[in-house]
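Work through these exercises with the model open beside you. Try each task before you read its solution.

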Amino acid sequence: MVRFEGSLGRGVRSSEVAHWSGTLDDLARTFRRHAERHAPGDDTGPQFCPSTFAGRRRRADLIAVHALVFDVDGKRDVLPSADFRSRLGPVAALYHPTKSDTPTTPRYRVIVPLAGPVSALDAELLWDALNNRTGGVADPASRSPVQHYRTPRHGAGVEVWQGEVFDPVGGWDTPDGARLDLATLRFYAKHAVHARQAVPWDSLDDAARAAATPDAVRHLDDAVEAARTHENRSTGAFVAGCRIGAVAAAMPHLDVTPWIAQAVEVYVRRAT
């Protein structure tokens with residue numbers, strides 16, 4: 001099993017961290033050991049963060065991100081962990097229920113180690129992509145590479161999901177047949193507008209253009225669907241606009257007018 005790195009904090013209110021390195025099994029043992037030795041809800045245990053730092057746990061001191069964390073709190077949708085795992089695909093991960101987990105509203109955390117370290121920006125792009133693949137059920141706060149997480153309350157619920165190590169550079173074929181890799185995400189990811197990493201269309205060869213176009217169209221469809229299902233119409237419209245704008249900036253040959261019209265229609269319909 002792959003070794004990866006991270007940090008262990010000294011408490012929920014502290015930004016001081018210590019370097020950690022190990023496997024998913026090692027991390028599971030750390031979680032179980034704390035649960036066995038301390039009372040439920042004890043916040044004195046190690047707070048796990050998937051990043052390493054040159055100083056304190058803050059973005060300015062961040063060295064690299066080594067794992068993605070998905071905190072499923074049940075506020076966006078109710079998704080059993082088995083369904084999350086099915087959507088995620090055969091990827092190695094650590095799972096554990098959180099303290100607010102109930103039989104009717106499953107609440108849990110999934111830690112997905114990466115085959116190699118990535119930057120904070122790349123980690124956020126990867127988080128967005130995998131969160132979309134799993135239904136968008138994770139708490140947006142877990143997108144942050146400096147977020148830390150409390151030790152699980154019950155050690156018995158900690159599980160290591162066996163599978164392939166997620167390699168964002170080499171790429172990964174998702175269960176639905178799509179290709180997921182950093183090079184593609186940097187090009188037409190939904191936050192390309194913020195990342196300022198859109199690749200000029202003229203710099204791509206014919207093969208790259210042919211491969212990118214259907215993925216971009218699928219991405220635009222997803223943007224409109226996300227706006228249609230978002231609870232807050234203003235936020236949904238803003239995010240959809242960013243995604244459509246990102247594709248338009250990166251792929252000027254593609255007429256995005258139909259998707260703009262659909263997004264506006266969704267916004268107006270929900271406003272009345």
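The exercises below cover two sheets, the helices on one of them, and a surface patch.

The model is predicted.

**Exercise 1. Find the strand order of the three-strand open sheet, and say which strands stand at its edges.**

Solution.
- Step 1. The order is S2-S1-S3, and the pairing is antiparallel.
- Step 2. Strand S2 (17–22) and strand S3 (47–49) stand at the edges. Each has a single partner strand, so one side of each is left without a neighbour in the sheet.
- Step 3. From one strand to the next, the twist averages 35 degrees.

**Exercise 2. Describe how strand S1 is joined to S2 and to S3, and how well S1 is covered.**

Solution.
- Step 1. Take S2 first. Six bridges join S1 to S2. Phe4 stands opposite Gly22 in S2.
- Step 2. Turn to S3. Strand S1 (residues 4–9) has three bridges to S3, and the two run antiparallel. Ser7 has Cys49 of S3 as its bridge partner. Leu8 stands opposite Phe48 in S3.
- Step 3. Check the cover. Buried means under 20% relative accessible area. Five of the six residues of S1 are buried, so S1 is mostly covered.

**Exercise 3. Trace the five-strand open sheet and locate the helices H2 and H3 against it.**

Solution.
- Step 1. The strand order is S4-S5-S7-S6-S8, with antiparallel pairing.
- Step 2. The edges are strand S4 (51–53) and strand S8 (159–161). Each has a single partner strand, so one side of each lacks a neighbour in the sheet. The twist averages 30 degrees from one strand to the next.
- Step 3. Look at one pair inside the order. Strand S6 (residues 93–97) and strand S7 (residues 108–118) pair over four bridges, in the antiparallel sense. His96 has Arg109 in S7 as its bridge partner.
- Step 4. Add the helices. Helix H2 (residues 81–88) lies across S5, S6, S7 and S8, and runs at about 25 degrees to S7. Helix H3 (residues 120–133) packs on the sheet and touches S5 and S7. The direction of H3 makes about 20 degrees with that of S5.

**Exercise 4. Is Val264 buried, partly exposed or exposed? Place Val264 in its helix and its surface patch.**

Solution.
- Step 1. Val264 sits in helix H8 (residues 257–271).
- Step 2. The relative accessible area of Val264 is 46%. Partly exposed lies between the cut-offs of 20% and 50%, so Val264 is partly exposed.
- Step 3. Val264 makes a nonpolar surface patch with Ile260, Tyr267 and Val268. The patch covers about 330 Å².

Key: Residues are numbered from 1 along each chain as its sequence is written. This is a predicted model: local features need pLDDT of at least 70, side-chain atom pairs count only at pLDDT 80 or more; totals for chains, interfaces and linings use all residues. Side-chain values use heavy atoms; hydrogens and water are left out. Patches are made of residues with over 30% relative accessible area and no salt bridge: like charges are joined within 9 Å, nonpolar side chains (Val, Leu, Ile, Met, Phe, Trp, Tyr) within 5 Å. Accessible areas come from the Shrake-Rupley method with a 1.4 Å probe; for residues, only the protein chains shown count as cover. A salt bridge is a side-chain nitrogen of Lys or Arg within 4 Å of a carboxyl oxygen of Asp or Glu. Buried means under 20% relative accessible area, exposed over 50%, partly exposed in between (1.4 Å probe, protein chains only). Two strands pair if DSSP finds at least two bridges between them. Axes are lines fitted to C-alpha atoms, for helices over the stretch in contact, and angles run from 0 to 180 degrees between N-to-C directions. Contact means heavy atoms within 4.5 Å.
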